[in-house]
Each structure stands twice: as structure tokens, then as C-alpha cells.
Amino acid sequence: SDTSGTDCSDSMVPITPLRLVPIQRYRQIKGSLQLKEYKIADGTVAVCNNAFDLSGMQNNIKKIFCPNTLVAIGEYAFCNARVKEIIWSPSLKYIGSYAFYGCSLIKLEQELDLPQSLNYIGANAFNGCRKFTSVSFPDSIIKIDSHAFANCESLKWVYIPNTIKEIGSGVFDGCTSLKEIKIPKGSHTKFEKLLPFSVDKFVEV
């Protein structure tokens, strides 16, 4: 397992090297474009920016396994990959901007069941993920950045807990099937400020 040439200096936190090597300006999976499943190495703390960005390349990776040690996924990490399923780390706190942008095949049994440790979702992180129908944000969530779930065409409902402190602009733009934004009882006033253009979709639960 050759880890030479790995440079993760632009990731948020120090990591145990992934089995990745630089190819031009991207970091991609060494010799594994035909794998159907890929297990990120045990002990890895963060996935580098652009690590699995396979834009314009043929690849068959459908399932990603994240180790329990993983706390951060960098920007563009899985951008335009053909991933269908992700086994999340229970320690994951940070998903960077564009991390899963254009991953139109992500299904995850119809619901995007995010880990209960997650604090931050970056701008456009799941933009264009057209398969999943619902998202329940965990009680740990603090910020969802701009357009994080834009153009998720099958998304019918989301649940956002009271722990949220900031929601960026256009977070659900282009979600043509979205009918309900479920919020905790008694939180209507708070969410009017966070999502002023989506008040008509609020359902207190």
C-alpha cells in the first residue's frame, strides 16, 4: 500500500495518509478506478480536498466506507463521483463545500441519514444529488451553508433541529419536490429568520 506522494496540506486537520497520489492538480485513487467499493484507511482523520474528485473520468466506485476516526471531509472530496452509498463515520463533524456536488446517484435507501456528530455542511455540499427523498439533520448540526442542498430534485421533506444557528442563502433552491420543512414545536419565529423565503413549507413537529 504505497502512500508516497500524498500531500494533504490543504486539509483542515492533520491526517493519516490516504492511499492516494497527486494526478495533475487533483488527488485521486491510485489504480482503483475499477473498484466497486473503497474503504478509506483506518486511522484517517480527514479526507483531503479533491481526494476522490473523478470529474471526466470513468469509474465504478459505488460504495465508500469511512473509518470511525474520520472527522472531516474536504472540499470537492467526492465531487462528481458515481458513488451510490456512503457508510458514514460516527465521528464526522465537517463536510466541506462541494464535497458531494453532482453525485447524482447517491441514494442511501431514499433518506440521507447524516451522522449524529455532524456540525457543519459546506456550500453546495450536496448540490445536484437527485436521488434521496428526505434529510433529517442531526441535533449536532450548527451551520448549513449556501445552496448545500440545491437542485436535489427528489427531496420531499427535511427536518432541522433547534440546534441550528446559521443557514445560508438558497439552501433548498431548485428542490422542486420539497413540500415540508419540519421544525421543532415553538421554533417558528427562529426559523422565520433563518429561512425567510420558505415559511410556507414549515411544519412544526
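Mentor: Before we look at any residue, fix the accessibility classes: buried means under 20% relative accessible area, exposed means over 50%, and partly exposed lies in between, with a 1.4 Å probe and protein chains only. This is a predicted model, in which local features need pLDDT of at least 70 and side-chain atom pairs count only at pLDDT 80 or more, whereas totals for chains, interfaces and linings use all residues. Residues are numbered from 1 along each chain as its sequence is written, and side-chain values use heavy atoms, with hydrogens and water left out.

Trainee: Is His147 buried, partly exposed or exposed, and what is the sign of its phi?

Mentor: Most residues other than glycine have a negative phi. His147, however, has a positive phi near 55°; the residue lies in the loop between E12 and E13, and its relative accessibility of 28% makes it partly exposed. Strands here are DSSP runs of E with at least two residues, helices are runs of H or I with at least four, and both are numbered from the N terminus. Asn50, in the loop between E4 and strand E5 (63-65), also has a positive phi, of about 65°, but at 14% relative accessibility Asn50 counts as buried.

Trainee: In what order do the strands of the open sheet run?

Mentor: Strands of a sheet pair through backbone hydrogen bonds, either parallel or antiparallel. Two strands are taken as paired if DSSP finds at least two bridges between them. Here 6 strands form an open sheet in the order E4-E6-E8-E10-E12-E14, with parallel pairing. Strands E4 (46-47) and E14 (166-167) are at the edges with a single partner strand each, so one side of each has no neighbour in the sheet. E12 (residues 143-144) is joined to E14 by 2 bridges, and Ile144 stands opposite Ile167.

Trainee: Which side chains of E15 are buried?

Mentor: In a regular strand the side chains alternate between the two faces of the sheet. Along E15 (residues 180-183), Ile181 and Ile183 point to one face and are buried, while Glu180 and Lys182 point to the other and are not. E15 is joined in parallel to E13 by 3 bridges, with Glu180 as the bridge partner of Trp157.

Trainee: What does Ser154 touch beyond its sequence neighbours?

Mentor: Contact means heavy atoms within 4.5 Å. Leaving aside residues up to four places away in sequence, Ser154 touches Arg130, Lys131, Phe132, Thr133 and Ser177. Its side chain reaches the backbone oxygen of Arg130 at 2.6 Å, and at 25% relative accessibility Ser154 counts as partly exposed.

Technical notes
Polar contact = N/O pair within 3.5 Å; in protein donor to acceptor, adjacent residues only side chain to side chain.
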